[in-house]
Amino acid sequence: MGTNGKTVVLVVAAGSGSRVGGDLAKQYRHVGGRPLLAHAVDRLRHPSIDEIRVVIGPGQEDLYREAIGDRALPSPITGGETRQQSVRNGLEAIAAEGGATHVLIHDAARAFLPAAVIDRLLDALEASEAAVPVLPVTDTLAKASETLGETVARDEIVRVQTPQAFRFDTILGAHRSFTGEATDDAQVARAASIDVATVPGDPALEKLTFPEDFRRMDEALLVTRTGLGFDVHAFAEGEELWLGGLLIPHEKGLKGHSDADVVFHAVTDALLGILGAGDIGDHFPPSDPQWRGASSTLFLKHAAQLIEEKGGRVDHIDVTIICEAPKIGPHKDAMRGNFANILGLPISRISVKATTTERLGFTGRGEGIAAQAIATVRMPEDQ
Ligand code: CTP
Ligand code: MG
């Protein structure tokens with residue numbers, strides 16, 4: 001596997017992303033908490049790749065620097081009006097700086113490159129001057145017209161992806177003599193009568209072209225985290241008993257600065273744990289009079305909102321309430337409903353359980369109630 005000599009990847013990122021829309025070119029848009037170009041560059045760390053060169057649009061220097069951060073890369077090359085021109089500028093810049101033996105020409109918009117595709121392309125280059133990743137077409141294909149046109153035989157057709165791998169001098173020569181228009185470099189190579197080998201592509205290389213592609217990728221890049229919460233409040237005469245957002249008739253209530261809803265507090269801490277954002281006391285200090293008697297619904301909503309602002313999705317909440325009395329069973333579903341409303345989740349994703357401690361310890365003696373909670377949340381990796 002691999003090649004002798006110098007293998008350079010040329011990443012073209014000089015487009016304007018007009019089909020995605022918005023003011024920011026798509027290669028600088030954040031997906032999974034990071035600019036698309038940063039993902040593209042990070043997926044190119046591979047033992048057979050010696051250098052990564054990025055082609056950017058004129059005036060995109062600041063966006064580029066921000067996207068690349070502290071990744072050590074040679075200075076970017078300025079692209080042109082069309083993708084083809086951007087590639088040409090890149091190849092010429094590499095040639096002017098001493099050239100290379102092999103080049104992989106890659107779209108920043110296909111950021112999520114599996115290493116196995118690089119291996120397959122470089123293997124193919126040992127016997128061929130050019131190699132591209134392709135995927136079969138699974139949909140029925142037909143000519144487009146006002147009403148549906150003739151069906152096209154799909155087994156004669158493949159979808160062509162990038163990176164596209166070439167011997168460097170071969171593709172440079174092909175670009176220099178090419179006069180037409182081309183959406184990829186295999187077309188330029190074929191116009192120069194160069195045989196282009198194919199290797200299996202990968203669905204992960206799908207190009208991000210439309211806004212919904214970004215939404216889908218954002219979703220796919222979420223990673224699961226868990227947060228843990230625990231709280232205790234003591235019983236006292238003359239207090240109300242709030243548990244899981246319900247006012248429960250009981251001879252005693254729980255004492256606390258707020259409404260002392262030990263169940264909501266445990267879940268709030270579990271959600272804050274997801275974010276590494278301290279605990280409920282950091283957000284709502286007991287010393288602050290404005291939280292005296294406050295409904296703990298506020299605390300839970302606050303934690304849920306912080307998660308939402310960071311692009312997180314709460315998947316599941318599991319709570320255990322530890323007490324001898326009152327009996328929790330009759331109230332479980334109402335508590336689940338409260339959580340479901342506040343967190344905007346179906347009730348099936350909320351679990352409320354209860355246990356006694358067999359009359360042992362402070363809960364066993366009826367001195368107070370404890371609650372434990374675990375939250376499972378999908379978050380963008382970098383948040
Ligand atoms: N590209 C480039 N220079 C251009 C045009 C495109 O380097 N003048 C790059 C894009 O940045 C992208 C890749 O070529 O990484 C594939 O092009 P495409 O997906 O069409 O991106 P855009 O041209 O930016 O998007 P659109 O066509 O929707 O405007
Ligand atoms: Mg384009």
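# Contacts, crossings and odd backbone angles

Reader: Which helix holds Glu 308?
Author: This is a predicted model. Take the range of residues 297-309. Glu 308 falls in that range, and the helix is H10.

Reader: Is Glu 308 buried or exposed?
Author: Its relative accessibility is 61%. The cut-off for exposed is over 50%. Glu 308 therefore counts as exposed.

Reader: How many Å separate the C-alpha atoms of Glu 308 and Leu 343?
Author: Glu 308 belongs to H10. Along the chain, Leu 343 is 35 residues away from Glu 308. In space, their C-alpha atoms are separated by 10.0 Å.

Reader: At roughly what angle do the axes of H10 and H11 cross?
Author: H11 covers residues 332-343. The axes of H10 and H11 come within 10 Å. They cross at roughly 45°.

Reader: What does that make H10 and H11 to each other, and which hand has the crossing?
Author: An angle of roughly 45° is neither under 35 degrees nor in the 65 to 115 range. H10 and H11 are therefore oblique to each other. As for the hand, H10 passes H11 in a crossing that is right-handed.

Reader: Which hand has the crossing of H3 and H5?
Author: H3 spans residues 83-96 and H5 spans residues 168-177. Their axes come within 10 Å and cross at roughly 130°. The pair is therefore oblique. The crossing of H3 past H5 is left-handed.

Reader: Now charges. How many salt bridges does the count give?
Author: Side chains of opposite charge can pair when their charged atoms come close. The cut-off is 4 Å from a side-chain nitrogen of Lys or Arg to a carboxyl oxygen of Asp or Glu. By this rule the count is 22.

Reader: Which residue pairs with Arg 65 in helix H2?
Author: H2 runs over residues 61-68 and holds both partners. They sit three residues apart, about one turn of the helix. Both are exposed. With the closest N and O atoms 2.7 Å apart, the partner of Arg 65 is Asp 62.

Reader: How many residues apart in sequence are the parts tied together by Arg 378 and Glu 219?
Author: Arg 378 forms a salt bridge with Glu 219, the closest N and O atoms being 3.4 Å apart. Arg 378 lies in strand S19 (residues 368-380) and Glu 219 in helix H7 (residues 211-220), so the pair ties together parts whose separation in sequence is 159 residues.

Reader: Are Arg 378 and Glu 219 buried, partly exposed or exposed?
Author: The relative accessible area of Arg 378 is 23%, so Arg 378 is partly exposed. For Glu 219 the value is 33%. Glu 219 is therefore also partly exposed.

Reader: Which residues are joined into one network by salt bridges that share partners?
Author: One link is the salt bridge of Asp 42 with Arg 45, whose closest N and O atoms are 3.9 Å apart. Asp 42 has 24% relative accessibility, so this residue counts as partly exposed. The joined residues are Arg 34, Asp 42, Arg 45, Arg 71 and Glu 381.

Reader: Which residues make the nonpolar surface patch of about 250 Å²?
Author: Start with helix H12, residues 361-364, which holds one member, Phe 362. Its relative accessibility is 31%, so Phe 362 counts as partly exposed. Patch members need over 30%. The patch is made by Phe 230, Val 232 and Phe 362.

Reader: Where are the cis peptide bonds at Pro 163 and Pro 326?
Author: Most peptide bonds are trans. Thr 162 and Pro 163 are joined by a cis bond with omega about 5°, and Ala 325 to Pro 326 is cis with omega near 0°. Pro 163 is in the loop between strand S10 and strand S11. Pro 326 is in the loop between strand S17 and H11.

Reader: Ala 260 has a positive phi; is Ala 260 buried or exposed?
Author: Most residues other than glycine have a negative phi. Ala 260 is not a glycine, yet its phi is about 60°. It is found in the loop between strand S16 and helix H8. Its relative accessible area is 0%, so Ala 260 is buried.

Reader: And Arg 359, with its positive phi: buried or exposed?
Author: Arg 359 is not a glycine either, and its phi is about 65°. Its place is in the loop between strand S18 and H12. At 65% relative accessibility, Arg 359 therefore counts as exposed.

Notes:
Residues numbered from 1 in each chain as written. Chains lettered and ligands numbered in written order. Predicted model: local features only at pLDDT ≥ 70, side-chain atom pairs only at ≥ 80, totals over all residues. Heavy atoms only, no water. Patch = residues over 30% accessible without salt bridge, like charges linked within 9 Å, V, L, I, M, F, W, Y side chains within 5 Å. Areas by Shrake-Rupley, 256 points an atom, 1.4 Å probe, with all protein chains shown as cover. Helix = DSSP H or I, 4+ residues; strand = E, 2+ residues; numbered from the N terminus. Buried < 20%, exposed > 50% of the residue type's maximum accessible area, 1.4 Å probe, protein only. Axes fitted to C-alpha atoms, helices over the stretch in contact; angles between N-to-C directions. Parallel < 35°, antiparallel > 145°, perpendicular 65-115°, else oblique. Left-handed = near helix turned anticlockwise from the far one by under 90°.
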